[in-house]
Structure formats: C-alpha cells, structure tokens
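User: Please take a close look at one part of this model. Then set that part beside the rest of the chain.

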Amino acid sequence: MPPRNNNRPGNQGRRPMFNMYWMYALIILSLFALYYFQDGTHTEQVNWTKFEQLAQDGCITTIIVDKQNQTAEGILNDKGRKAIDINTEGIQGDIKVKSIIPSPDIVAEKIEGWNALLGANNLKPITIEYEEGSDLAKMFWYFGPFILLILFWVFMSRRMSGQNGGGGGIFSVGKSKATLFDKNNKTNVTFKDVAGLAEAKVEIEEIVEFLKNPQRYTELGAKIPKGALLVGPPGTGKTLLAKAVAGEANVPFLSMSGSDFVEMFVGVGAARVRDLFKQAKDKAPCIVFIDEIDAVGRARGKNPNMGSNDERENTLNQMLTEMDGFGTNNGVIVLAATNRADMLDKALLRPGRFDRQIYVDLPELTDRIEIFHVHMRNLKVDANLDVEQLARQTQGFSGADIANVCNEAALIAARNNKQTVEWSDFMGAIDRIVGGLEKRSRVITDDEKFSIATHEAGHATITWMTQYGNPLVKVTIVPRGRALGAAWYAPEARQIIPTQALLDTMCGLLAGRAAEEVFLGQVGTGASDDLEKCTKIARSLVIMYGMSNKLPNLNYNDSTGQEYGFTKPFSEDTARIIDEEVMRIVNEQYERAKEILRKYASEHNRIRDLLVEREVIYHDDVQAILGPRKWKSRTDEIMELNRKEAGTPPPFSGKGKDAEQN
C-alpha cells in the first residue's frame with residue numbers, strides 16, 4: 001500500500017480527528033504501566049539510628065539518596081532481611097529500609113566510614129546512588145488513571161449532549177438539535193424543483209408570502225396562520241416542499257425531526273421543545289419545520305404503556321402549549337409533515353395550532369408528466385420518447401417512485417452501452433421496480449410453463465373482454481421476483497369508481513384460477529395473491545362502500561382509527577351476513593369469469609400457445625387475436641394514434657423474447 005501523502009489537496013491543514021478509542025487505549029496503557037512498573041519491592045520506614053546500625057553491620061548493599069526529599073533508601077541483603085523484625089514471606093522483590101537523613105553530605109561521609117569498617121571485616125562495601133527527580137512522575141502513576149477516568153467522563157457527557165466541540169457538557173442535553181437555514185446557509189431546492197402538487201404549492205407559497213409581506217394581510221385585520229400540516233402517502237414530496245420553503249423564504253428556517261425530541265432521559269423532549277421555540281421567537285419572523293411529527297404527536301391515552309408517565313405525552317403537552325398557549329408566539333409559523341394523520345392528537349390538529357391541513361396526494365397524470373420532465377433534466381433521453389404515455393404507464397407511482405424509475409432506466413441504458421435512454425429502458429425499469437429482477441435462470445418444467453401460460457392468458461382474455469378492464473400492456477411468463485408470470489396494465493385514473501368497475505376488476509383477478517379449472521381441470525397455488533386482492537375488494541364492497549344487496553348503504557369502517565378500538569361496530573349476526581355477502585360476490589365473479597373463458601376458449605388457447613412460444617406478448621399481439629376492444633379507453637386511443645404515425649413504432653409493439661431482451 002503506498003504511503004499516505006499529506007501534501008495532497010484536502011489533506012493540508014486537516015487536524016487529526018479525536019476518537020473515543022484513544023481514551024480506551026490510554027487507560028489500558030496506564031494499567032499495563034502500573035502493573036509492570038510495580039517490581040514487587042517492600043519498603044520499611046525506620047529511624048536514622050536503626051538505618052545507621054544496619055549499614056554498619058553489613059546488611060545494606062546499596063543506598064539511594066533523594067536530595068530533594070532528604071531521604072535515603074537502603075536495599076537489604078539476606079543478612080538484613082533476617083535483621084529486621086517483619087514477615088518477609090510472599091515478598092518476591094527487594095526489601096528496603098527508608099529513613100530521613102540530616103543532609104546528603106553527612107550521608108556521604110558516613111558511607112565512607114562504613115565502607116572502611118566493612119573492608120576491615122572483609123565485607124562487601126556499600127554503593128551509593130543519588131536521585132535528582134521530583135514526585136511528579138510518581139504522582140502521575142498514582143493519580144493518572146483517575147485523571148483519565150475524569151477526562152473520559154467529561155468526553156462522554158459532551159458526546160451524549162451532541163456537542164463534542166462545544167461547551168455545556170451534559171447540562172446541554174436539553175438543547176434543541178434543529179438545523180438552521182438562513183441567508184448564509186440556504187438549500188439549493190426551490191419551488192421549480194417541485195413538479196406537480198399545484199394546489200399544495202399555492203398554499204405553501206402563501207405561507208412564505210405571509211412572512212415576507214405581513215403588512216399586506218394585517219392591514220385588513222387578518223391574522224397570519226400559526227401552522228400548516230402536510231399530510232400524504234410516503235414519497236409524495238412533503239419534505240421536498242419543506243426544503244423548497246427553506247430555499248425560497250428570506251426568513252430563518254429551523255428544521256427538526258419528530259424523533260429528535262425522544263431521548264432516554266426523562267423530560268428532555270419537553271426541554272427541547274421549549275428551546276426550539278425559544279430560538280424561533282428570538283429569530284422571528286421564522287419558520288419551524290417538524291418532520292414525521294407523529295413520533296411525538298400521537299393521540300394521548302392510547303399508548304400501550306397504560307398508566308405510566310409517558311415521555312411522548314409530556315413532549316406533546318409542551319408542544320401544544322408552545323404552539324398556542326398562554327404565552328405569545330407571534331411571527332413563528334410551524335410546518336409539519338406526516339403520513340399518519342389519523343394517529344395525531346385532536347388537540348394538535350385544531351385551528352390555532354395547525355390552521356391548515358395540506359393534503360399531498362399521489363400525483364395525477366399531468367403531475368406525473370411534470371415529475372418525469374424534472375427528473376429527465378440530466379438524462380440523455382431519446383427524442384421520440386412519449387412522456388405522456390410513460391406517465392400513464394406509472395399510475396399510482398409517487399414522486400419518489402418516478403425518480404427511481406428514471407434512475408433505473410439510465411442504469412439499464414448504460415449497462416447495454418446505449419447513447420440515449422430509450423422507451424425500452426423505461427419499461428425495463430418499471431418491470432424491475434414493480435415485479436422485481438428477472439429470473440431466467442429459474443428452472444421451470446414444461447407442465448409448469450403451460451400452466452402459467454394458461455393462467456396469464458386467462459387474465460389477458462377477461463380484462464380485454466370486460467368494460468372496465470384495465471388496458472393491457474404486455475403479458476409475460478418470465479419469472480420476476482416471487483411471481484412466476486404477470487400481466488401488465490395501464491389503468492385509467494378514475495375519481496369515482498362505479499360498482500361494475502370493481503366487479504370487473506374482481507373478475508379479472510379470478511380469471512387466472514378460472515382458466516386453470518376450465519382448461520386444465522385442476523387448480524394450483526399460483527393464484528394466492530389474486531385471491532387476496534379479490535377478497536379485499538369484496539370486503540370493501542360490503543363494509544366500506546355499502547354496495548351489498550343485504551347490507552346496502554352501510555359503512556362499518558372507521559377511517560380515523562379512533563372510534564372502535566378493540567370492539568367491532570356490528571353484531572355477530574351482521575358479521576355472518578358480511579361473510580355470506582363476500583363469499584357470494586366472489587363466487588358470482590368466479591362463475592362469470594369461467595363463462596367468458598368458455599365463450600372465448602379458442603382465443604384464449606391461441607394466446608396461451610403464443611405465450612408458451614415467445615414467453616412475452618404485447619398489446620398488439622393480443623389485439624390481433626381478440627380484435628379491437630369494444631370499450632376504448634384514453635390509453636387505447638393514444639396507442640392507436642401512435643400506431644398511425646408514420647415512421648414511429650407503436651410503444652407496445654414487439655416480437656416476444658427478442659423485444660423483451662432489447
């Protein structure tokens with residue numbers, strides 16, 4: 001490995017980062033040093049007379065004189081060990097005697113006299129050593145571990161408070177962790193980066209205008225709204241709207257997540273709420289954004305920890321007080337985002353706290369077209385790409401899903417060494433995201449392949465021959481993810497769904513199982529997902545939409561999730577009727593699917609055989625067998641228009657396996 005070059009750009013002037021493991025290493029080294037530097041010696045304190053007597057008797061081999069502390073230590077030999085009155089068992093090192101001396105010069109003269117006396121008695125002379133050191137080294141070895149532990153405690157207290165480089169220590173744990181965006185620190189996201197969401201952007205832009213020109217509204221006696229709640233499914237752009245507000249507003253913007261209020265210490269959440277609003281009031285006019293507010297805004301009294309002092313409830317109470325309590329809160333607007341508005345406390349949703357609830361729904365067709373254009377800015381897209389048809393193909397996709405489709409299409413095009421991103425790349429991206437990765441390596445027997453083709457041909461036939469069947473895109477028996485085959489559709493966007501549309505959808509879902517029974521004489525386990533979806537639609541017909549013959553105009557569903565709790569809103573007799581109605585509706589559509597398949601048996605078999613041969617067939621292939629649809633949708637009209645354009649191939653045309661691989 002080449003040596004690290006500290007002269008590189010970016011490495012110059014960079015200070016080494018302090019790591020917590022350094023502290024662990026220092027403590028371990030100190031303990032090792034204490035262990036190895038302790039040589040097992042034993043020191044006995046004696047007076048000068050005793051010390052002098054031991055030296056004259058030849059019991060001391062070496063004398064160490066400490067000039068600064070005016071002390072002398074003598075190392076005893078075997079004769080000296082026996083001369084002193086102590087228990088020497090278990091002492092492995094040297095035994096020393098220590099005494100306070102008159103002065104180092106007197107000790108030197110004494111040792112000369114003792115050596116002369118020892119020489120006359122044929123004994124070994126005493127050696128003398130002098131120490132000039134201080135007690136600092138000894139103090140370090142004695143008190144060093146305690147100092148390191150204190151430093152470690154201070155470091156951990158700062159780390160727990162999230163302020164490694166600042167002051168405050170553990171006492172700053174109640175400080176807000178909000179990120180500040182102002183004129184010196186702005187995001188790069190603006191309202192131009194938010195495609196679609198026209199109604200939501202109008203309300204959000206008006207909030208920014210409130211803070212930019214408040215006189216325009218206050219002169220007429222209007223009050224500036226105190227809060228707006230962004231509600232919608234995940235991935236629809238709630239946080240993106242907040243980022244755009246931070247980029248567009250000329251006022252301070254404080255951003256914080258709902259989970260940042262929840263801490264292991266009791267009372268920290270409420271303290272952080274107080275500190276957050278204190279910062280906002282000091283910087284007023286100001287916008288406060290709380291992402292995923294349902295982390296602390298859940299309805300009180302419905303927590304599983306019944307009877308306990310819940311920290312979330314304390315945090316919520318403080319938030320309610322700060323947003324609209326006894327104190328004033330002028331010039332501060334609170335934005336919040338959640339995808340679980342049904343779980344929020346009613347006191348939090350009332351006017352005066354969140355005056356507006358802005359619903360950010362899944363994008364419509366025109367919104368999806370705009371979103372595709374935004375995410376295609378940096379892509380080299382084929383000039384003949386039909387973005388409108390691409391948007392129709394992705395009904396039910398959120399903005400985040402569409403961004404993923406564009407990125408995945410670019411990856412597929414680069415993998416195939418293409419110069420531009422084409423229609424087939426986007427289709428492959430949608431298949432990859434919705435169905436999973438294609439698994440051509442999965443071993444499927446001829447009987448299984450025939451059964452899967454029969455199943456998928458049943459779906460294609462029924463949806464083509466029913467009024468509200470979704471327009472077919474392609475049918476494949478190539479395994480993807482957990483599915484062995486699939487039929488892809490481009491569903492029409494409907495604001496109000498009639499009863500017959502739901503029944504036709506159920507008939508199309510049951511068509512695969514019905515085809516297996518009609519043409520194979522037995523059914524398999526491949527229809528479990530279809531049966532689950534069909535049963536849910538049937539229960540919704542009875543319980544939610546009031547479309548049952550025996551229970552008309554009744555809705556037993558609680559959309560708020562707060563009314564019924566653990567009790568059912570109907571009796572046991574009604575539950576039995578619901579089960580009977582669900583079973584009746586499913587059985588009727590199943591018999592209807594079998595009747596249609598028997599009527600168009602030859603056409604179904606041709607589609608099945610074509611699937612077995614090619615593995616993938618498209619809209620035009622099915623139309624060539626079943627003929628034009630009797631009930632044309634907007635998607636069918638667009639496909640016919642594309643087909644008539646000279647030199648432009650229809651978007652769903654293809655020749656089986658080769659078209660799929662391209």
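Analyst:
**A sheet and its surroundings**

Asp66 stands opposite Thr71 in strand 3. The model is predicted, with local features needing pLDDT of at least 70 and side-chain atom pairs pLDDT 80 or more, while totals for chains, interfaces and linings use all residues. Numbering starts from 1 along each chain as its sequence is written, and side-chain values use heavy atoms, without hydrogens and water.

Strand 2 (residues 60-66) and strand 3 (residues 71-76) run antiparallel, joined by 6 bridges. Strands are DSSP runs of E, at least two residues; helices are runs of H or I, at least four; both are numbered from the N terminus. Pairing takes at least two DSSP bridges.

The sheet is open and has 5 strands. Their order is 1-4-3-2-5, and the pairing is mixed. Strand 1 (42-45) and strand 5 (127-131) are the edges, each pairing on one side only. Neighbouring strands are turned by 25 degrees against each other on average, direction ignored.

Two helices pack on this sheet. Helix 2 (residues 48-56) touches strand 2, strand 3 and strand 4 (95-100). Its direction makes about 130 degrees with that of strand 4. Helix 4 (residues 104-120) touches strand 2 and strand 5. The direction of helix 4 makes about 165 degrees with that of strand 2. Angles run from 0 to 180 degrees between N-to-C directions of axes fitted to C-alpha atoms, for helices over the stretch in contact. Contact is heavy atoms within 4.5 Å.

Now the rest of the chain. The largest nonpolar core has 29 residues (buried Ala, Val, Leu, Ile, Met, Phe, Trp, Tyr and Cys, joined through side-chain atoms within 4.5 Å). Buried is under 20% relative accessible area, with a 1.4 Å probe and protein chains only. Helix 6 (198-212), strand 7 (227-231), helix 8 (238-248), strand 9 (286-291) and strand 10 (332-338) each give two or more residues to this core. Helix 6 gives the most, with 6 residues. Phe253 is among the residues with the most contacts inside this core. Leaving aside neighbours within four places in sequence, Phe253 contacts Thr179, Leu180, Phe181, Ala242, Val245, Ala246, Ile287 and Phe289. A second, separate core has 28 residues, including Ile462, Leu503, Ile537 and Leu597.

Further along, helix 16 (residues 446-465) packs on helix 21 (residues 619-626). Their axes lie 11 Å apart, at an angle of about 70 degrees. Helix 16 is therefore roughly perpendicular to helix 21 (65 to 115 degrees). Ala460, Thr461 and Trp464 of helix 16 meet His619, Val622, Gln623 and Leu626 of helix 21.

How values were computed:
Buried means under 20% relative accessible area, exposed over 50%, partly exposed in between (1.4 Å probe, protein chains only). Angles under 35 degrees count as roughly parallel, over 145 as roughly antiparallel, 65 to 115 as roughly perpendicular and the rest as oblique.
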